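Subject: A structure to look through

Hi,

Here is the structure I said I would pass on. Have a look at it first, then read my notes below.

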Amino acid sequence: MKNKTIKKVDLIFEQVDHLAILDKTLNRSSEEIILDIIDSGLRGRGGAGFPTGLKWKFARNEDSEQKYVICNADEGEPGTFKDREILTQVPEKVLTGMAVCGKAIGASEGYIYLRAEYNFLLPMLHQKIDTFNNVLKEKKFDFSVAIRSGSGAYVCGEETALMESMEGFRGEPRNKPPFPTSKGYLGKPTSINNVETLVFALMIANLGPKMFKELGTFDSRGSKVFSISGDTPSAGIYELELGMTLEDFVNEFGDGDTKAVQIGGASGYCVARKNFKSTVIGFEGIPTGGSMMLFNSSRSMYNILRDYLEFFEEESCGQCTPCRIGCQQLLKGVEAVKKGLKPPSYLENLQRLSETMKIASKCGLGQSVGNPFNSIINNFREEIIY
Amino acid sequence: MPTKVLIYIKVHIINPTKNFMTRIEQFVKEQADYYGRRRNSLMPILQAVVQSERYLSEEAMVAVAEELDLSTADVFGTASFYTFLDTVPRGKNIIKVCKTITCHMKGKDEIISTIEDQLKIKLGSTSSDGRFSLLQANCLGWCHKGPVMLVNDEIYTEITPEKTVEVIRDYLKKTK
């Protein structure tokens with residue numbers, strides 16, 4: 001059997017002369033920068049996959065004195081840890097990426113929203129930001145960066161919840177529309193992008209969209225930083241081309257006994273061994289914010305599902321009923337089935353509940369609890385019951 | 001001859017120390033001077049109080065509310081949303097062991113029972129000398145190096161029970 005080998009790429013962690021790229025970009029018009037990003041096909045790397053160029057274009061087209069750039073570093077998804085590594089290794093590239101976004105949409109202020117679990121990065125980041133702000137001042141480019149810290153709430157990774165938190169409120173997601181590009185932080189047009197997205201945007205501004213387009217597939221252009229953990233001999237962070245099949249991935253990273261892979265973190269999908277071949281990692285298959293958790297046959301899928309549900313039950317913000325009550329009932333429900341207090345057919349009721357949550361919940365948290373729930377129950381029903 | 005009637009009047013004596021600021025009030029005022037008094041200054045101020053005091057006391061939250069011209073309920077409502085803004089007293093060192101999936105798979109339960117034995121405290125509680133609190137946290141973002149724990153802002157990865165004992169011993173020495 002001949003496998004297409006997985007192509008490793010080095011766009012994110014490669015050291016570049018960020019100031020040269022900054023100079024180059026500042027001399028271009030914002031239309032040109034945005035057209036390049038749109039042309040490259042770059043989609044948001046936080047998980048939702050919204051086309052970055054379009055987001056910037058919407059924010060640019062808003063007529064407002066004040067606009068903001070936010071770098072979303074509230075990386076809370078279980079199994080994701082790439083943003084921490086990017087901020088540690090190439091903080092200048094992130095900052096320059098923010099400045100490029102600022103130039104493109106016409107913003108003069110940028111914020112990094114860093115989760116509290118990464119507070120140990122603060123002294124280093126403050127120092128880098130001070131230097132960077134001084135450089136911008138010297139170049140007479142009206143843009144500055146500051147940091148805001150989170151306080152341990154997973155839901156604040158949701159863009160509107162993040163803005164609520166920055167404004168000093170409970171981190172409860174807002175209704176959309178209006179989208180942040182028209183009414184974001186403090187009601188002003190805001191472009192909020194993931195750490196990795198900003199670095200890719202910088203690299204596209206530097207090297208042009210062509211090299212990026214040549215990587216990946218039609219729906220999933222470019223490469224992506226993957227956070228690989230679980231039962232694997234080579235856990236860590238890898239930048240890989242998008243569009244590979246899960247089988248290729250498991251052949252490269254598995255421990256030879258992989259029974260299932262959770263793609264996209266706790267809110268993603270669980271794929272069983274029989275479907276490895278037909279599963280494509282990318283927006284046309286299963287999209288991911290980068291989290292790949294491998295489980296071998298020694299793991300009980302019941303424990304894994306229970307862990308995920310406990311996580312969601314704790315992290316649900318409690319604002320909307322489907323998510324608040326739904327998460328609790330799903331957890332209680334599978335526990336009851338496992339203990340024999342409810343018949344196995346009760347799982348179908350729970351699956352209907354998760355469908356309701358998908359339709360009725362306000363934000364991505366409640367809407368995606370059904371992903372791991374249904375995919376684990378459909379693939380490993382007997383492990384949940386017995 | 002008219003009888004003398006003695007009337008007792010209860011005088012409310014104003015606490016003379018009230019005119020001075022307590023240590024916490026002074027601290028909150030300094031933070032508000034630095035971060036500003038608008039609503040979006042609330043989180044940085046609350047975070048600064050937790051950084052210094054380890055938790056938000058009622059006194060601190062009232063002081064913040066006064067400084068920012070908010071209702072105390074609003075301040076408490078915001079603070080109680082966030083797991084890292086504790087509203088109950090915590091120890092000088094806060095140990096947070098990651099409990100989410102990969103760290104669970106790699107043995108966080110063993111780590112927790114090791115710390116429980118060493119410090120003679122239960123998960124979720126604070127030692128009687130006020131030096132340590134032992135808590136669990138949701139994903140700390142080190143899934144490839146589990147199990148991990150956070151002591152204050154310091155991260156310890158790929159810990160074993162033996163390594164944990166050493167780390168805790170260091171903190172015991174540091175905090176007298």
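**What I found**

In chain B, the centres of domain 1 and domain 2, taken over C-alpha atoms, are 28 Å apart. Those domains are 23-81 and 93-174 of chain B, with bounds that come from an automatic or database domain assignment.

Before you go on, some ground rules. This is a predicted model, where local features need pLDDT of at least 70, side-chain atom pairs count only at pLDDT 80 or more, and totals for chains, interfaces and linings use all residues. Residues are numbered from 1 along each chain as its sequence is written, chains are lettered from A and ligands numbered from 1 in the order in which they are written, and side-chain values use heavy atoms, with hydrogens and water left out.

**Chain A on its own**

Chain A has 16 helices and nine strands (DSSP runs numbered from the N terminus: H or I of at least four residues for helices, E of at least two for strands). The radius of gyration of chain A is 21 Å, close to the 21 Å that the globule rule gives for 386 residues, so chain A is as compact as a globular protein of that length. That radius is taken over C-alpha atoms, and the rule is 2.2 Å times the number of residues to the power 0.38. Along the principal axes, the C-alpha atoms of chain A fill a box of roughly 70 × 50 × 35 Å.

The domain assignment splits chain A into domain 1 (18-213), domain 2 (223-296) and domain 3 (301-380).

**Where chain A meets chain B**

How many residues of each chain are in contact? The contact takes in 48 residues of chain A and 30 residues of chain B, with contact meaning heavy atoms within 4.5 Å. The two chains bury about 3100 Å² between them, and carbon and sulfur atoms give 57% of that. (Buried area is the accessible area, with a 1.4 Å probe, that two parts lose on being put together, summed over both.) S151(A), R170(A) and D307(A) supply 19% of the area that chain A buries against chain B, more than any other three residues.

The rule finds two salt bridges across this interface; a salt bridge is a side-chain nitrogen of Lys or Arg within 4 Å of a carboxyl oxygen of Asp or Glu. In a salt bridge between the chains, the side chain of E310(A) meets that of K99(B) at 4.0 Å, N to O.

The same interface has 21 residue pairs in polar contact, both residues at pLDDT 80 or more. (That is a pair of N or O atoms within 3.5 Å; within protein, one must be able to donate a hydrogen and the other to accept it, and residues adjacent in sequence count only if both atoms are side-chain atoms.) On the chain A side, α7 (159-166), β5 (223-230), β9 (291-296) and α11 (301-315) each supply at least two residues. The largest share, seven residues, comes from α11(A). By class, that side has 21 nonpolar, 14 polar and 13 charged residues. Here Ala, Val, Leu, Ile, Met, Phe, Trp, Tyr, Cys and Pro count as nonpolar, Asp, Glu, Lys and Arg as charged, and the others, Gly among them, as polar.

**Between domains 2 and 3 of chain A**

The centres of these two domains of chain A are 23 Å apart, taken over C-alpha atoms. Their contact takes 14 residues from domain 2 and 12 residues from domain 3. Together they bury about 1000 Å², 63% of it on carbon and sulfur atoms. On the domain 2 side, A266(A), S267(A) and C270(A) lose the most area, together 43% of what that side buries. There are zero salt bridges between these domains, but five residue pairs are in polar contact.

**Some local details**

K176(A) and E158(A) meet through their side chains in a salt bridge (3.3 Å, N to O). The pair links distant parts of the chain, 18 residues apart.

Where are the cis peptide bonds? One joins K176(A) and P177(A), with omega about -5°. The bond from P177(A) to P178(A) is also cis, with omega near 5°. P177(A) sits in the loop between α7 and β4 of chain A.

In chain B, D69(B) has a positive phi of about 55° although it is not a glycine. D69(B) lies in the loop between α3 (58-68) and α4 (72-79) of chain B. Most residues other than glycine have a negative phi, and most peptide bonds are trans.

Cheers
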